[in-house]
Amino acid sequence: MWSEDEWQQLMLSFLLLLFPKYIKVLENNTIHDYYSDPTKKTDRYIDIGLIDTNGNLDVIEAIVFRLPTSELSGSIMQAEKYLFHLSKWGVKGEKKLTTKYANDLPPGMKIRISNPKAIIIVGRDQIGGANMTDSQLLDFEIIKRKYANMMDIITYDDLLRRLNNTIIALGS
């Protein structure tokens, strides 16, 4: 089984192909948390950020496990915290990220933190080597739809199917 880091490195090679609204992948970004402990600043790390064609920043939280598990709710909470801290960082964060990545962006583009969204990429479609039952699929769909306004939740298998279908379509 691949580690989370190995999956992330593989994904980086094709994310922009599968999500064409994005033009740049940002890796290992530090954001600041002033809320968990108000007496000090705590650094948090976003493994993968995406910049869209208008400069808006979104994030990816990629985790490795089989579905459904209680770890999904922890990942949703982690993504919500990233979005919260990014939103609180505001203009100061926009300036810092724009300066940091200025050479990697189109001339004049500024990174914007305006209602960022997350993509959560989770384990496999299977549980114990078998496809999810109709009941498990329904549970997963309910969770996905509950958070649709702030994040997309997909499996690694969904991601690989998208890649395969994109390659087939481009080859036609």
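This briefing covers the nonpolar cores, a buried acidic residue, the enclosed space, the salt bridges and two unusual backbone angles of the structure above. The model is a predicted one, and every value below is computed from its atoms. The largest nonpolar core has 28 residues, and another core, of 19 residues, lies apart from it. The structure holds one cavity of 30 Å³ or more, and the count of salt bridges comes to five.

**Nonpolar cores**

- Within the largest nonpolar core of 28 residues, those with the most contacts inside the core are Leu57, Leu86, Ile111, Met151 and Ile153.
- At least two residues of this core are supplied by each of β1 (22–33), β2 (42–52), β3 (57–62), α3 (71–100), β4 (118–122) and β7 (151–155), and the largest share, eight residues, comes from α3.
- Ile153, which is among the core residues with the most contacts, is in contact with Leu72, Ile76, Ile120, Val122, Phe140, Ile143, Lys144 and Tyr147 once its neighbours within four places in sequence are left aside.
- The other core, which lies apart from this one, has 19 residues, and among them are Phe14, Val25, Ile119 and Ile121.
- As general background, nonpolar side chains in soluble globular proteins tend to be buried together.

**A buried acidic residue**

- Glu61 is found in strand β3, and this residue is buried yet has no salt bridge.
- The side chain of opposite charge nearest to Glu61 is that of Lys81, which is 11 Å away, whereas a salt bridge as counted here requires a side-chain nitrogen of Lys or Arg within 4 Å of a carboxyl oxygen of Asp or Glu.
- Not counting residues up to four places away in sequence, Glu61 touches Ser75, Gln78, Ala79, Tyr82, Ile119, Ile120 and Ile121.
- Among these contacts of Glu61, Ile119 and Ile121 are also named as members of the core of 19 residues.

**The enclosed space**

- The largest cavity contains about 40 Å³ of space, and the structure holds one cavity of 30 Å³ or more.
- The lining of the largest cavity is made up of Asn29, Ile31, Ile46, Gly49, Leu57, Val59, Leu86, Trp89 and Leu97.
- Each of β1, β2, β3 and α3 supplies at least two residues of that lining, and α3 gives the most to the lining, with three residues.
- Leu57 and Leu86, which help to line the largest cavity, are also among the residues with the most contacts inside the largest nonpolar core.

**Salt bridges**

- Side chains of opposite charge can pair when their charged atoms come close, and five salt bridges are counted in this model.
- Asp33 forms a salt bridge with Arg44, with the closest N and O atoms 2.9 Å apart; because Asp33 lies in strand β1 and Arg44 in strand β2, the pair ties together parts that are eleven residues apart in sequence.
- Asp33 counts as buried, at 0% relative accessibility, whereas its partner Arg44 counts as partly exposed, at 29%.
- Arg145 and Glu141 also meet in a salt bridge through their side chains, at 2.9 Å from N to O, and both residues lie in helix α4 (residues 134–146), four residues apart, which is about one turn of the helix.
- Arg145 is exposed, with a relative accessible area of 62%, while Glu141 counts as partly exposed at 28% relative accessibility.
- In helix α5 (residues 156–171), Asp158 and Arg161 lie three residues apart, about one turn of the helix, and the two form a salt bridge whose closest N and O atoms are 2.5 Å apart.
- Arg161 counts as partly exposed, at 40% relative accessibility.
- Glu141, Lys144 and Arg145 are joined into one network by salt bridges that share partners.

**Backbone angles**

- Most residues other than glycine have a negative phi.
- Asn28, found in strand β1, has a positive phi of about 50 degrees although this residue is not a glycine, and Asn28 counts as exposed at 51% relative accessibility.
- Asn115, placed in the loop between α3 and β4, has a positive phi of about 55 degrees, although Asn115 is not a glycine either.
- At 62% relative accessibility, Asn115 counts as exposed.

Conventions
Residues numbered from 1 in each chain as written. Predicted model: local features only at pLDDT ≥ 70, side-chain atom pairs only at ≥ 80, totals over all residues. Heavy atoms only, no water. Core = buried A, V, L, I, M, F, W, Y, C linked by side-chain atoms within 4.5 Å. Buried < 20%, exposed > 50% of the residue type's maximum accessible area, 1.4 Å probe, protein only. Contact = heavy atoms within 4.5 Å. Lys, Arg positive; Asp, Glu negative; His and termini not counted. 1 Å grid on protein atoms, 1.4 Å probe; cavity = no way out; pocket = protein on both sides within 12 Å on 5 of 7 lines; lining within 4 Å. Points joined across faces, edges and corners; volume = space filled by probe spheres on them.
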